[in-house]
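Let's take a walk through the enclosed spaces of this model and see what surrounds them. Have the structure open and turn it as you read.

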Amino acid sequence: MALKYQSTRDLNQTKITPTKAILSGLSHDGGLFVPDKLPKLDLTLTQLPHLSYQELAFKILQPFFNDYPTEILRENIQKAYQTQWDTPEITPLKSFGQVNYLELFHGPTLAFKDVALQLLPHLMLSANELNHDQNEIVILTATSGDTGKAAMAGFSDVSHTQIIVFYPKDGVSVIQERQMLTQTGQNTHVLGLLGNFDDAQNEVKRLFNDPDLTATLLSRHQRFSSANSINIGRLFPQVVYYFFAYGRLLEKGVIKAGNQVNFSVPTGNFGDILAGWFAKNLGLPIHKLICASNQNNVLYDFFNQGTYDKKRPFYVTNSPSMDILVSSNLERLLYYISGKDADLTQRLLSDLQKKGAYTITENMQAQLRDFFADFADEKQTLAEIKRVYHEFNYLIDPHTAVASKAYQVYQEKTGDKRPTVILATASPFKFPQTVLNALGVTSDDLTALTKLADFTGIPVPAAIDGLFQKPLLHHQVISPMQMKETILASLRA
Ligand SMILES: *Cc1c(COP(=O)(O)O)cnc(C)c1O
């Protein structure tokens with residue numbers, strides 16, 4: 001029986017096909033879609049060094065997206081991973097002894113979100129056709145800085161789609177904001193929000209299932225979908241690069257097939273690291289998944305104490321894409337460690353909504369052994385950028401630095417010598433001021449990019465060269481309360 005999807009909150013376990021789950025994004029009950037079983041992959045570890053990124057992606061994604069005819073899935077994967085990446089490897093691995101950085105930022109917007117968001121628009125359009133759905137797809141997206149641009153880069157001028165992005169007006173980097181505000185495409189809408197990412201994500205989730213809004217859209221032959229990492233079309237493409245990294249380690253002779261490795265993941269919404277957890281459960285020999293947070297360290301407390309408590313100050317940090325207090329994808333992990341108990345999952349999430357916190361059972365806590373959690377504050381993040389630059393002559397961005405630092409701490413605490421892959425989630429050129437600051441150079445917004453290139457001898461990536469000469473095309477700033485009316489006013493009918 002082919003794999004299907006059900007909601008983490010559905011006691012009846014209603015099953016839907018992969019294409020329907022991709023089109024819906026979020027379940028009607030507010031839960032997230034999870035596969036009703038895990039497939040056995042048609043893949044051995046010894047094959048890994050010999051597969052291209054595209055071939056590997058097909059082998060991993062086919063069982064998860066099994067109602068796409070194989071030729072269509074292959075074609076979509078080909079379109080997603082071609083010359084819009086500045087290297088044919090797609091996600092190259094840089095090795096310094098046992099420490100390895102998997103560079104996930106070679107796509108059009110210079111952050112790891114491109115890996116899934118270059119594929120998702122193709123998956124959605126095919127899903128619409130396969131389901132004979134005539135409605136226009138309206139992508140509603142909350143962004144902490146990188147998803148918004150990556151989603152628009154994927155959906156810009158794609159027929160039968162419109163995309164609306166809400167970003168925290170004072171919570172993203174100068175480059176991130178510029179990238180979004182210069183976005184072209186008749187079907188793109190970008191709005192600054194007077195609030196933080198959690199405000200945006202919370203309201204987006206609510207509006208998604210707002211009956212009134214859904215009905216109005218339907219009368220205009222439109223329907224919502226999501227490009228956030230709650231969508232399975234985001235989640236599973238991220239599983240691929242864990243396997244790819246393992247293949248590169250085999251190829252370089254750092255490991256033999258079957259040896260365990262660790263991954264350290266800079267974490268916000270818990271999407272990227274959850275993909276790693278799936279990789280492990282699909283048979284990839286992973287010892288620990290290191291969950292690295294910045295000063296917004298709600299996950300660090302959760303993993304170490306078993307209580308998730310969002311009632312705490314929200315910090316705007318130098319790793320803004322991780323400035324999140326409610327990590328949506330954690331709901332999927334809760335579901336699994338509760339033994340797929342939708343009732344318990346629902347109760348925990350309802351506690352979070354009503355009381356701002358929940359505590360998991362001891363049984364659940366015992367199943368968090370796959371993870372090690374730590375966090376880095378802003379000073380430690382800067383120090384780590386500097387250390388890695390001086391030690392390896394290698395430049396990392398602040399998000400990567402958080403993961404790199406958490407790995408250092410892990411190493412010190414455990415003495416674990418297993419090879420470790422740190423996920424490098426953004427290009428350092430997306431955060432040039434912070435990176436320069438870490439290296440002891442001061443600069444202003446406008447000169448930071450070229451100054452960083454001059455200082456390091458690394459050219460500015462083509463994707464953002466000339467960014468400050470481009471016209472600003474989006475200007476509106478609103479409060480969370482205005483989101484609903486703004487959606488209706490912005491959308492082309
Ligand atoms: C989104 C993002 C993260 C966090 O990933 P999640 O899947 O939300 O946990 C980390 N680093 C960068 C650069 C990002 O854009």
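**Inside the cavities**

In the lining of the second largest cavity, three residues are nonpolar, three are polar and one is charged. This is a predicted model, so please read the distances and volumes below as values computed from its atoms.

Which residues line this second largest cavity? They are Ala142, Gln201, Val204, Lys205, Ser226, Asn228 and Ile230. Helix α8, spanning residues 197-208, supplies the largest share of that lining, with three residues. The space inside the second largest cavity comes to about 60 Å³.

Now step back to the whole structure. How many cavities of 30 Å³ or more does a search find? There are two. The general idea behind such a search is friendly to the eye: a probe the size of a water molecule, rolled over the atoms, reveals where empty space remains.

The largest cavity holds about 270 Å³ of space. Its lining is made up of 26 residues, and nearest the centre of the cavity you will find Phe112, Lys113, Gly268, Asn269 and Ser321. Sorted by class, this lining has 13 polar, nine nonpolar and four charged residues. Helix α12, residues 271-281, gives the most to the lining of the largest cavity, with three residues.

What takes up the space of the largest cavity? The ligand does. Centre your view on the ligand and you can pick out a shell of 15 residues around it, with Lys113, Asp146, Gly268, Asn269 and Thr425 the closest. This shell divides into seven polar, five nonpolar and three charged residues. Lys113, Gly268 and Asn269 thus appear twice in our tour: they are among the residues nearest the centre of the largest cavity, and they are also among the closest to the ligand.

Zoom in further and look at individual atoms. A polar backbone atom of Gly268 lies 2.8 Å from an oxygen atom of the ligand. The backbone of Gly271 has a polar atom as well, 3.2 Å from a ligand oxygen. At Thr425 the side chain takes part instead, with a polar atom 2.9 Å from a nitrogen atom of the ligand. How much of the ligand's accessible area does the protein cover? Of the 390 Å² that the ligand has on its own, 98% is covered by the protein.

Methods:
Residues numbered from 1 in each chain as written. Predicted model: local features only at pLDDT ≥ 70, side-chain atom pairs only at ≥ 80, totals over all residues. Heavy atoms only, no water. Near = heavy atom within 4 Å. Polar contact = N/O pair within 3.5 Å; in protein donor to acceptor, adjacent residues only side chain to side chain. Areas by Shrake-Rupley, 256 points an atom, 1.4 Å probe, with all protein chains shown as cover. 1 Å grid on protein atoms, 1.4 Å probe; cavity = no way out; pocket = protein on both sides within 12 Å on 5 of 7 lines; lining within 4 Å. Sits in = over half its atoms within 2 Å of the grid points. Nonpolar A, V, L, I, M, F, W, Y, C, P; charged D, E, K, R; others polar. Points joined across faces, edges and corners; volume = space filled by probe spheres on them. Helix = DSSP H or I, 4+ residues; strand = E, 2+ residues; numbered from the N terminus.
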